[in-house]
Amino acid sequence: MAKRITFATLILLSLLGLGGGIQYYRRNLETLQSSGLDGALFIGLIILGISVLLMPIHLRMTWGKWSAWGLVREYALRFSLIIGTLLAIFVGFGLIVLIITLPERLGRGYLVLPWLTVLVPLMMVIIDLAKQNIKRTAKNFALGFGLYAFRIYGLLLIQFVTIPIAFVLFPAGFFLQLLSLVDLVERWGFNVYVSERPLLCEWFNLLDNCTLGLISLHVGHLILALLAAKYGPALFDQASVWYRNSLEKMVSRLEPA
C-alpha cells in the first residue's frame, strides 16, 4: 500500500509541477516574449512534459524491483537523467541551427549556401579527427575536408546535371513536342485557335520568325534527344568512373590513425 501511495504521490507532484509551469507560461506570456525567454521556457515545458509521461511507464515496467523509498530514489535519478538527456538534445539541436543560420543572423543571408557548403564537410572531418579514424595532422585535415566536399558535392553535381537534362530532353521535351503538334494540327487543319500564335511561340516569346523558331525547337530537340540517348549513358558511366577513381585516390592519400 505504501508503495502505491508513494507512486501516486510522485506522479501527482509531477503533474502539479507541469500544470503550474504551463499556467505560469500562459499568464506571463507577454512578459516572457518581451524578454525573449518564451522560447526557452516553452522548450523546458516540453522536456518536463515528456519526462512526466515517461516516468510512470518506467516505474511500472520495473515495479517489482523497488520498495517505497526505492521508488523515490529511482524517480529522482531517472527523472533527472531524462531531463538532462532531452535538454542536451535540444541544446545540441539549437547549436546546430544557430551555426547553420549564423550568416543570416549576421545580416548576410546570401552567404547561407556557401556557408553550408563549407560547414558540412568541415564538421565531418572534425568528427573523423576526434574519433581518430584518421591521423591528426594538418595534411589529413585538408585532405579529409577535400574528400568529404568532393564526396558530397561531386556526386550532387553529377546528379544535378544529369537529372535536369534528362527530364528536359525526354518527358518534358516530348510532352511539348506532342502538345505543339496537336496545337498545329488543330490550328492548320481544323481552324481551332487556342491563342493568337502557336503555343510554343507564345511560351518562348518568339515574336519574330515564329515558323523558323518552331522548326528549330522541334528539330533541335529531336537531335539533342537522339544524341543524349546514344551518348548519354556512356558519358554518365565515364563521370561515375571518374568520380569513383578520384575518391579512391583521395582516400589513399589519407594517413590512417
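Which helices each supply at least two residues of the lining of the largest pocket? They are helix 7 (138-189) and helix 9 (210-252), and the close-ups below start there. This is a predicted model, in which local features need pLDDT of at least 70, side-chain atom pairs count only at pLDDT 80 or more, and totals for chains, interfaces and linings use all residues. Residues are numbered from 1 along each chain as its sequence is written, and side-chain values use heavy atoms, with hydrogens and water left out.

**View 1. The largest pocket holds about 350 Å³ of space.** Of its 16 lining residues, Thr162, Ile165, Gly232, Leu235 and Phe236 are the closest to the centre. The lining has 13 nonpolar, three polar and no charged residues. A pocket here is an open set of points on a 1 Å grid where a 1.4 Å probe fits, with protein on both sides within 12 Å along at least five of seven lines; lining residues have an atom within 4 Å of a point.

**View 2. The second largest pocket holds about 210 Å³ of space.** Helix 7 and helix 9 are the elements that give two or more residues to this lining, and helix 7 gives the most, with six. Among the lining residues are Val168, Phe204, His218 and His221. Eight of the lining residues are nonpolar, four polar and none charged.

**View 3. Ile50 lies in helix 3 (residues 38-61).** Ile50 counts as partly exposed because its relative accessibility is 31%, where partly exposed lies between buried (under 20%) and exposed (over 50%), with a 1.4 Å probe and protein chains only.

Conventions:
Helix = DSSP H or I, 4+ residues; strand = E, 2+ residues; numbered from the N terminus. Points joined across faces, edges and corners; volume = space filled by probe spheres on them. Nonpolar A, V, L, I, M, F, W, Y, C, P; charged D, E, K, R; others polar.
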